[in-house]
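Okay, thanks for squeezing me in, everyone. Let me put the chain up on the screen, and then I'll walk you through a few places in it.

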Amino acid sequence: MKLKHILAAFAVSLTALTSCDDDQNLTQLGSVEVTKSLVAIPADGGADTIHITGNGDWTIRTKDAKGVEKDSIPAWLEVTPTTGSGEADVIFKAEKTTKSLSTTLYLSCNGESQRIQVIQQAGRVELPISTCAQFLAGPDGDSYRIKGTVTKITSTTYGNMYINDGTGEAYVYGTLDANGGEKNFASLGIEVGDEVTVQGPKETYKGTMELKNVTVIAINKSLVKVDSLSTTKMGKEGGELTAYLTVKGEGLAVDVPEDAQGWISTKAVQTSGTTAKVIFKVAANEGGERATTLSFTTEKDGKTYTSTTEFTEEGSIIPLTIAEFNAQPVGTALYRLTGVISEVKNDQYGNFNIKDYSDEVYVYGLGSKGDFTKHGLKAGDIVTIVGQRSEYNGSIQVGKAQLETSYNIADAPATTVADFRNAAESKTQLYRLSGTIVKSSETGAKFDLNTYGNFGLKDETGEVYVYGLLTGWNGDKKQCAKLGLKEGDKVTIIGCRSSYNGQIQVGDAFFYTKD
């Protein structure tokens with residue numbers, strides 16, 4: 001077969017996707033991308049420029065309290081231009097100010113909106129400390145100063161993290177460095193478990209309340225720190241996991257989340273001075289990949305300090321029909337899907353629908369930007385992909401998708417049964433045949449739809465024996481019952497011209513569609 005095998009290291013590319021996914025959402029959507037989403041203008045006045053790439057006509061507007069777009073731009077700010085198509089440089093300009101100003105603009109294109117935060121800060125404003133609960137209950141647009149423990153860091157470039165103070169948890173979307181710069185979070189040395197005081201404006205984006213591009217006021221290093229793990233990702237066979245810690249508080253408590261207690265448990269805790277070693281027992285994994293967050297807590301002078309670490313256990317890549325995939329919970333398990341590209345939404349980012357005999361699902365991004373077109377994919381092609389079950393605003397998606405194999409349907413010309421029978425035998429040339437499923441009249445032919453998929457295919461020009469029908473390119477030879485086919489059904493299949501003991505057959509046959 002003329003399959004295009006994708007030989008790049010799958011595990012490496014998936015890891016790369018996982019590490020940068022949160023960063024990508026800062027500056028790009030399917031229809032529009034910007035070079036940066038934060039525009040900073042000096043207090044003495046000046047201008048800043050960003051470059052826009054839109055997949056069609058775009059506008060820059062504000063929104064009212066109900067989220068409805070308005071044509072107006074704040075009087076202190078000049079934006080040129082506010083409308084356009086395709087690529088353009090947009091200039092943001094403001095005069096000198098003695099007070100801090102900020103606004104959120106929305107770059108809209110093809111129904112998608114990219115936020116652009118514009119700030120002109122005259123100096124740091126001293127604010128009283130608010131609890132996370134007060135921040136969550138407060139209005140958008142106001143600035144807050146909160147103090148709490150860093151429980152998770154989702155972007156080590158931009159400084160996206162979660163802060164918990166016991167009253168609730170606040171999400172920080174972007175952290176400025178000591179000089180007010182972006183993309184330099186590592187310079188601050190903030191780690192999970194540290195107590196931090198940060199300040200910034202509140203925004204709500206698609207239901208998520210955020211502190212946007214915060215300034216760090218203070219960092220209080222945690223008295224418990226996970227120095228390392230014996231491995232951050234264990235093979236599916238399971239085994240022992242060891243966490244090495246520095247503990248400067250009194251005592252050490254270990255917490256395994258309830259939903260992970262069925263497969264990971266604490267075996268031993270060993271301490272010596274300020275060092276500690278915690279040994280976990282990890283059960284073998286017969287399902288898909290699974291992950292958890294392990295927590296370690298110590299106390300001193302009535303204050304509690306916590307540090308967490310992420311751990312993943314590999315699993316099998318599970319082949320599923322699309323209907324079966326859609327029924328899975330959201331998670332990190334990997335699934336293999338084979339189907340037809342039914343609709344292309346965005347060929348640059350690889351957003352498309354894939355359909356098999358059971359159902360259809362949306363694939364949100366295939367590999368890296370440009371991979372979809374690099375592989376020459378288009379509607380009608382057959383692909384096998386591996387990805388995670390994800391969701392967005394209640395809609396099911398394939399996330400972190402990678403291409404395993406593809407087949408260009410144009411390479412399989414449609415032919416009649418008669419022409420197929422007259423063709424030369426070939427293991428590489430594939431044909432597309434449409435007809436009705438019948439019990440073959442040929443000597444020795446078996447009719448078996450529920451296991452291997454042996455049957456006769458008949459059209460107006462003749463009949464040919466189909467020796468085994470695959471439900472996927474990866475050799476799913478005994479799953480034909482999943483297709484739910486029966487005598488009399490009209491189907492389209494793809495296969496090569498072969499023979500056995502003088503009997504002409506459709507070999508390596510693959511189910512394409514059912515009429």
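**A walk through the strands and cores**

So, strand 30, residues 430-438, and strand 31 run antiparallel to each other and pair over 3 bridges. If you want a spot to look at, V438 has G456 of strand 31 as its bridge partner. Before I go on, keep in mind that this is a predicted model.

On the other side of the story, strand 31 also pairs with strand 32, residues 462-466, again in the antiparallel sense, and there we have 5 bridges. One of the matched positions is F455, whose bridge partner in strand 32 is V466. And what joins strand 31 to strand 32? It's a hairpin, through 2 residues. How many of the 5 residues in strand 31 are buried? The count is 4, so strand 31, at 455-459, is mostly covered.

Let me zoom out for a second. The chain has 5 helices and 35 strands. Of its 515 residues, 45% are buried. The accessible surface comes to about 24300 Å², and carbon and sulfur atoms account for 47% of that. For contacts between residues at least 6 apart in sequence, 60% join residues that are at least 24 apart.

Now, the cores. The largest nonpolar core has 21 residues, and the ones with the most contacts inside it are L241, L245, I264, F280, L294, F296 and F311. Which strands feed it? Strand 16 (224-229), strand 18 (239-247), strand 21 (275-282), strand 22 (290-300) and strand 23 each supply at least two residues of this core. There's also a second, separate core, with 20 residues, including F420, L433, V466 and I493. You'll remember V466 as the bridge partner of F455.

Back in the largest core, F280 is worth clicking on. Setting aside neighbours within four places in sequence, F280 contacts a whole list of residues, among them L241, V254, I264, L294 and F296. That list also includes some polar company, such as E240, S265, T266 and K267.

Strand 23 shows up again in an open sheet of 4 strands, ordered 17-23-22-19, with mixed pairing. Its edges are strand 17 (233-234) and strand 19 (250-255), each pairing on one side only. Strand 17 pairs with strand 23, residues 303-313, in the parallel sense over 2 bridges. In that stretch, K233 stands opposite T312 of strand 23.

Aromatics next. A search of the whole structure turns up 10 aromatic pairs. W263 and F311 make a stacked one, at 6.3 Å centre to centre with 25° between the planes. W263 sits in the loop between strand 19 and strand 20 (264-272), while F311 is in strand 23, so this pair ties together parts that are 48 residues apart in sequence. Are those two buried or exposed? Both W263 and F311 are buried.

Then there's Y362 with Y364. Their ring centres are 6.5 Å apart and the planes are at 45°, so we call that pair tilted. Y362 is partly exposed, at 23% relative accessible area, and Y364 is partly exposed as well, at 36%. I'll also mention that Y162, Y171 and Y173 form one aromatic cluster.

What about disulfides, how many do we count? The count comes to 0. As for individual cysteines, C109 is buried at 2% relative accessible area, and C132 is buried at 0%.

Two last stops. T103 is in strand 8, residues 101-109. Why does T103 count as buried? Its relative accessible area is 12%, and buried means under 20%. Not counting residues up to four places away in sequence, T103 touches T62, P74, W76, L77, I116, Q117 and V118.

And finally E324, which is in helix 3, residues 322-326. E324 is partly exposed, with a relative accessible area of 30%. E324 and L337 are 13 residues apart in sequence, and their C-alpha atoms are 9.9 Å apart in space.

That's my tour, so over to you for questions.

Definitions and conventions:
Residues numbered from 1 in each chain as written. Predicted model: local features only at pLDDT ≥ 70, side-chain atom pairs only at ≥ 80, totals over all residues. Heavy atoms only, no water. Pairing = 2+ DSSP bridges. Core = buried A, V, L, I, M, F, W, Y, C linked by side-chain atoms within 4.5 Å. Buried < 20%, exposed > 50% of the residue type's maximum accessible area, 1.4 Å probe, protein only. Contact = heavy atoms within 4.5 Å. Areas by Shrake-Rupley, 256 points an atom, 1.4 Å probe, with all protein chains shown as cover. Disulfide = S-S within 2.5 Å. Phe/Tyr/Trp six-rings, centres within 6.5 Å; stacked < 30°, edge-to-face > 60°.
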